[in-house]
Structure formats: C-alpha cells, structure tokens
Amino acid sequence: MGRAQKRTFKQQQRYNPLGPPTVQGAVTAVQSKDEVPALLSRLASADANDRVWAAASASNLLVSDDHSVRRMLLANNVITALIERLSDSVPDVVVQVSGALHNIAAIDQGAAEEMRRKNIFAAIQSLVPRLAKSIDDIIKQKDSDKSGDGSERKSVFVTTDNLISILWVLCETVPSSIRQINDMALTPFLVSFFGVADKLPPSLVHTAGQFLCTLTDGTFYARRALLSQDGAVDTLRNAVQMQHADNSSMSADDLAITRILAGGILANIKPAALASLKKKYKDSLDGLPAEDLKPWEDLSGTLVQVIAQFISFDIHEAAAKTIASLKTSVASGAADLDSTEMVDDANAMNNSVISDGTMVMDRISSHMDYVQMALELAANIFTDEGASDPDAEQEENNHENNGDNSDGDDVGGDEYDSGMEGEYENDMEGVDAEDTGFDQDDMDGVLADEGTVAKGTEQAVQGSILGVFINSIIPSLQRLAEPTKMTTITTALSECLGSSEGSFNKMIISVVEDFVALEERALGCFNNFLLVIEESLKSWFRLHMDSVGSWWRFLISIAEHVYGMEAAPKEHQEEDQRMRSAVLEPVFGCMWTLARCVSGSVPVTAEQIKGLIHVCEVTSSPEIRVKVVGALGHIARRQPGYIEENKYIGSYILEQIISKPILEYADSKEVYAANSVPVELIAEALDIMFDIYSDADFDYDGPVFVRGNFLDRLRKLYPSIRRLAKSVDRRKDRELRDRIDLVVENLRGFVAYKLSERKDCHPQ
C-alpha cells in the first residue's frame, strides 16, 4: 500500500458573507420557454434597473434544479450576454453578472468550458486595474479615517470576489484554461491582498489565497511568476507570521485561515525556491547562506503549529448548531409553504428559504471547508513528495525553450496536462534528495535515524513536527473523525425534520455530505501520519504501543458505528452507501497501516476478526476489501500463541478471497472483466499468503499451512491464476498487469521454496 496522495483543496459552493444585494422581484422560475429570450433581452436594456433585474433572474434560474430552464438559457447564449455585461458602467449590474457567472461555472462544467471559449479572461482582465485602484482607494480612506460609500465598497469587494472565484473554478474544472489564466499575470494582484489582509474583508483575502494555492500547486508558470515578483515571498512570509491585534476587525479564525493560506502558497513554491538558491550559490564554497535558507526550513514547523490550533474544532457543537439552524430553515420553509401555492414545488420552496438559521449553517459549513483545507495541508506537510521523474530534466528544458507565453490560444486539456506532468520534479532540479519532504533541522535527526528514539532522545521527538502531530494534531483528528448526529442520513433527517414532510431532505443530505467529507479528510490525514512514520521511524510504534492500542480501538469504534447505524430510507440508500464507504475506506486504510507498522500486534479481539471478515463478505467496494484483507493478513502473522486466529484468517483468505473467484473464473471460460474478477484483491491476498507462511519455523506454519494442505491447493490454482494474469490487457491497465504478472512469478517461486523447505524439514 502506497502513501496517501497529495490532494488540493477544491472550491465548493459556499456562503459569501459579503453577499450580493438582493434584487426584489427577480424571478426564480419560468412557465414557458418563450419567457427566456424576453428575460435575456433586458440584459441589454437602457434602464440599469432592468439590467440588474435580468442578471439576478438569470443567476437564480441558472442555479435552480430545473435543468431544462438552464439548458434553455445556455441555448439562448446567456453566457455571451453575461460576459458582455461585465463591462457595464453600473456597478450593481456587474455584481449580479459576475455572481451569475460564478454560480453557473461552479455547478456546470459545460458552461465553464463555454466561458473559456468565449474568452471571459479578457473581460475579467479589463476590470482588474479598475478594481485594484478602487481597493487601493478604499484602503487609503480607511487609513485616513474617512468614511466612504458603504455600498460602493461592498460592490467592489463582491465583484472582485466573484471574478477571482470564476477563475478559480475554471482553473480546477477546465484544464485548458490554465494557460490563459497564467497569461493574465494576476500574481501581483492576488498577493497584494495579503499585504493589507487586516483592512479587507477576510472572505476576499481567503478567496484570493485559495485561488493562488490552486494555481501554484498546479502549474510551473505560476510558481515561477510568484518567485520572480519583487516582494511577493516577503509579503506571504509576513502574512504567515501575523499576530492578532486587539484593534483588528479580523477574528482569530479568519487570521488563522489567512496564515494557513499564505503558508500553503509558500509550501507550493518551496521546492522551486530551494532549487533557485542551489543554482545561485552552486559555486559558493560556503554553501547556501543561512539567512536565505532558514525561513524555508522553518516554514513547515510554523504552519503545523498554526494548523494544530485552528483544527481544535468542536465537531459535536457544530453539529448541534447545524441541526438547530436546519430546524429553523425547515420551520421557516413550512410557514412559507402554508402561505403560497408552491405546495408541490419542493425546489422552489427550498430556494425561498433565506433565514438567519440558513446563514448560521452556511458559516459553519464554510468553516468546516477551511478545516478540511488545513487538514490537506497538514497531510501534505507530513508526506514525503520527493519522487523523481526520469523526464524531469527534459521537461524543464521544454519550459525554458517555450517560454511562459507560448503561442496557441486553444491548448487542449490533455496536451497541457502532459506538459505539466513532472513539474514538481522540474522544480526540484538541483535540490538534493535530503532537501525534499521534511525540514532538515527539524526532522532529519528525528525521522531519518530509527535508533534515535531507542537511544532515549524522546525529548527531540517532542520538540519536532512529529511531536506537534502526536500531541496536538492527532487528538484533533480523532475528535473531527468522531461520528455525530449529522454524519448519518437517518439520524440527520430524524433530528432536523421531526414530524415534518420530507421536502427538505435534499438540503439536509447536502449538509450531511459536508460532515462526512470532514470526517473522511481527518482520517486521511491520520493515515498520512501513520504512513510517513512507518517509513521513517517505524521503531516509534514499538515504544508507544499504548497509543497503537488507543488508535486501534478508536478506528474500530468508527467502523462499528457506521455498520451499526440504521439504513437510510429507500430513496436515499444510494447516497447512504456512498457516504458510508467514504468513511469506511480511510478507516480500514488506517487499520491496515497500523497493523502493518506493528507486525499485526494490535489489540484485536476474536469478535473483531469475525467482524472484519464479515465486512469483506458484505461490502461492494473493492478498495475496502483490499484494505481489510491487508489488515487481516498482518493480524494473522502474530506469534507465538495465535495459531487458531491464523488458521481462521488464513483459511478464509485462501478459500474465499483467492480460490473461490479463481475457480469461478476458470469454470466460466470467459475473458477477464474488471467488474467480475477482483484481480487486485487476489494479487494482494496472494502476497499476504507469501508473507504469512514464509518460514516453516513460525509456530502456525505446521498446524495451519502444512496440515491444511495449503501448498497443494495453491499449486493447483497456479494455471488458472496464470491464465487470469494473461487476460489482463496491458494496454488498458499496465500497472495491474505488471502487478499480477509479478504475483504469478512469486507464486511459482513460493511453491518451489515451500516444497524444498518441507524436504529440508523432513528429509527422506
């Protein structure tokens, strides 16, 4: 099992505290397609109020659940009409238009792709200088204690937020737009927000920061642009070090988010920055100057400390507040329903509910999104990402030869992505292997030497990033991963709806997804921690078996809760199963890693072993089955004194995981199909058998492997396994084919080895 992959925080629809102004009378539904052209024609009206109304109405209709109306609007060139109105001289029109474009881009990839084709980038770029000047003027007014026009300020901030959000969505969903976005050269504009973060709405700074995080994580050009911008790195470093002032309007949470975002951007460009320093001082006898190197070395430690404080988030309190807010929304919606004729229109009813409870709920959801972002960054900090690419040097040369602004307006997504492949490694050119991953001064002495802890330097561990993870982040991860009343559909519906009708189910289930996503992210971060320690400091686990036992019991409790909860109503069972799997997969992944780290010496009970086997039997998820079988395989390796447990697990793996599907495949005479033969699971199970029964001296080998006739059974399966391997198309799945080919080769060697081993043990 490899490391958890590095992931990037993705934009989600969120509550914007700046809030576009509500337009009275804006429509939320149309009765016939004839209304659509008339509505769009008002976007070009000479009356500004008409244009504002038309833009707000278009925004409502584009994000409604009535897909037919959305298709009608798109068919009538609403994207073109909205882009044209970005140049409107009336700020309120631009606010509504930019909001409409952001909303539709966020939920409809086809619309986002159309925006790229219609060159929305030029329209946005033409607004940037004006917005930058307006923001600068607002800050100067604030510095001079002059009160400006509040509505004008809000218009500037909302428009800026919307336009940045549009580019952020396009960056994530339309890869072919990345070239145009880079050509806009927005880095100075985006970085400037961090220099005046205490004077701007936090949500605007955060939007700019998240977009810049995504951009610098995804493209070489953005990283190089940021590094070449005078003062950009210093601005971001200052933002990371910001402290809360008594007279600041920024809350502690908003400050933490700002610091985390600034740090995340710096973390993205850190490899390229170190590579640049290496090249600059390659001829220096003294090496890299400490004053240049130390800020980069200190970055991870500072960030982890900020993250540890920020994720101390009471998930149960958040769930309770969310339930209360949802109840308020449901009650408000039911009251609206009684006084209107929308009894049969659940979507219209849900769209009509705008209450204080809804805004509270959205703020909680937004905060949870930022906690997820912090968890992603924590996981990435604690993951060694120094994999090399054999084509890295050639890719670097390609970038240098082509320049940042290669000709060609329409770069296909696949083509552009292939150009980006290996970019991380390009940034690493000239950086030694030991410079990747963790900070040198903080981690080398702690993580690189497995004997460090054994020699008694526990104090060094406690003062390192590892110590912060163990003492602060891991407890927070456990709290965030605890099930709440909002992490199961059945409980959430019962708590929020009571005796009300189920018309609000969709809204409630969308909130449940947010809680489940946070739980999943916390478990994923925990697994990254386990994986890195396994590779770098495996002996730590042996010295902290109390922690291993506590973590194992915690993971078991989550699995038991998920399997023990009541099934969702029939109409929501598909979503219910998906959410259960989203939590269970990282749970069993953590179990597998933990069992592997201590050679199976986890405090597992006989009932838990039966439960894990039951999971393999009932789950439809191949990923979960692989992880559970992996955990069982390491549990089976315990010795001495666990012969019966080994027999139970070994027999199950051989008979049900390996033999049964192989024999069914052999009898069917069919060609391998990915959905019918679990090749990856079979390969993992065979590897497990090789490890469990690799030595005749193991106390369970004779009683289980020999007396159970495992060797002959495996030998008889060899021809069918070999045939299965050959049926996997190397052109379609090279990695799987290579894996199963290696397993076939190892099976032949394993059989030969065990035969010779038996002869050595029982010579004629």
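What follows is a chat about a predicted model of a single chain.

Reader: Hey, before we start, what kind of model is this and how are residues numbered?

Author: This is a predicted model, where local features need pLDDT of at least 70, side-chain atom pairs count only at pLDDT 80 or more, and totals for chains, interfaces and linings use all residues. Residues are numbered from 1 along each chain as its sequence is written, and side-chain values use heavy atoms, with hydrogens and water left out.

Reader: Cool. How many helices and strands does the chain have?

Author: There are 37 helices and zero strands. Helices (H or I, at least four residues) and strands (E, at least two) are DSSP runs, numbered from the N terminus.

Reader: And how much of the chain is buried?

Author: Of its 764 residues, 52% count as buried. Buried means under 20% relative accessible area, exposed means over 50%, and partly exposed is in between (1.4 Å probe, protein chains only).

Reader: What share of the contacts is between residues 24 or more positions apart?

Author: Taking the contacts in the chain with a separation of 6 or more, 79% come from residues 24 or more positions apart. Contact here means heavy atoms within 4.5 Å.

Reader: Let's pick a helix. What about α11?

Author: Helix α11 covers residues 202–218, which is 17 residues. From first C-alpha to last it reaches 24 Å, close to the 24 Å expected at 1.5 Å a residue. The expected span is 1.5 Å times one less than the number of residues.

Reader: Why is α11 described as largely enclosed?

Author: Because 14 of its 17 residues are buried, α11 is largely enclosed by the rest of the structure.

Reader: Where is the kink in α15?

Author: The kink in α15 is centred on Leu299 and comes to about 35°. The bend at a residue is the angle between axes fitted to the seven residues ending there and the seven starting there. Still, the 21 residues of α15 (residues 290–310) should span 30 Å, and the end C-alpha atoms are 30 Å apart, which agrees.

Reader: Is Leu299 buried or exposed?

Author: Buried. Other buried residues in α15 include Trp296, Val304 and Phe310.

Reader: New topic: how many disulfides are there?

Author: Zero. A disulfide is a pair of cysteine sulfur atoms within 2.5 Å.

Reader: Why doesn't Cys525 bond with Cys590?

Author: The sulfur of Cys525 is 9.7 Å from the one in Cys590, its closest cysteine sulfur, so that is too far for a bond. Cys525 is also buried, at 1% relative accessibility.

Reader: How many aromatic pairs turn up?

Author: A search of the whole structure finds 15 aromatic pairs. One of them is Phe526 with Phe529, which is stacked at 6.4 Å centre to centre with 15° between the planes. Rings of Phe, Tyr and Trp (its six-membered ring) pair if their centres lie within 6.5 Å; planes under 30 degrees apart count as stacked, over 60 as edge-to-face and the rest as tilted.

Reader: Where do Phe526 and Phe529 sit?

Author: They are three residues apart in helix α27 (residues 505–536), so about one helical turn separates them. Both Phe526 and Phe529 are buried.

Reader: What about Tyr693 and Phe710?

Author: Tyr693 and Phe710 make an edge-to-face pair, 5.6 Å centre to centre with 90° between the planes. The pair links distant parts of the chain, 17 residues apart: Tyr693 is in the loop between α34 (679–692) and α35 (701–706), and Phe710 is in helix α36 (residues 710–727). Tyr693 is buried with a relative accessible area of 0%, and Phe710 is buried at 1%.

Reader: Which residues do ring pairs link into a cluster?

Author: Phe690, Tyr693, Phe698, Tyr700, Phe705, Phe710 and Phe750.

Reader: Last bit: what does Arg580 touch?

Author: Not counting residues up to four places away in sequence, Arg580 touches Val562, Tyr563, Met565, Glu566 and Ala567. Its side chain reaches the backbone oxygen of Val562 at 2.8 Å. That fits the polar contact definition: a pair of N or O atoms within 3.5 Å; within protein, one must be able to donate a hydrogen and the other to accept it, and residues adjacent in sequence count only if both atoms are side-chain atoms. Arg580 is in helix α30 (residues 573–597) and is buried, with a relative accessible area of 10%.
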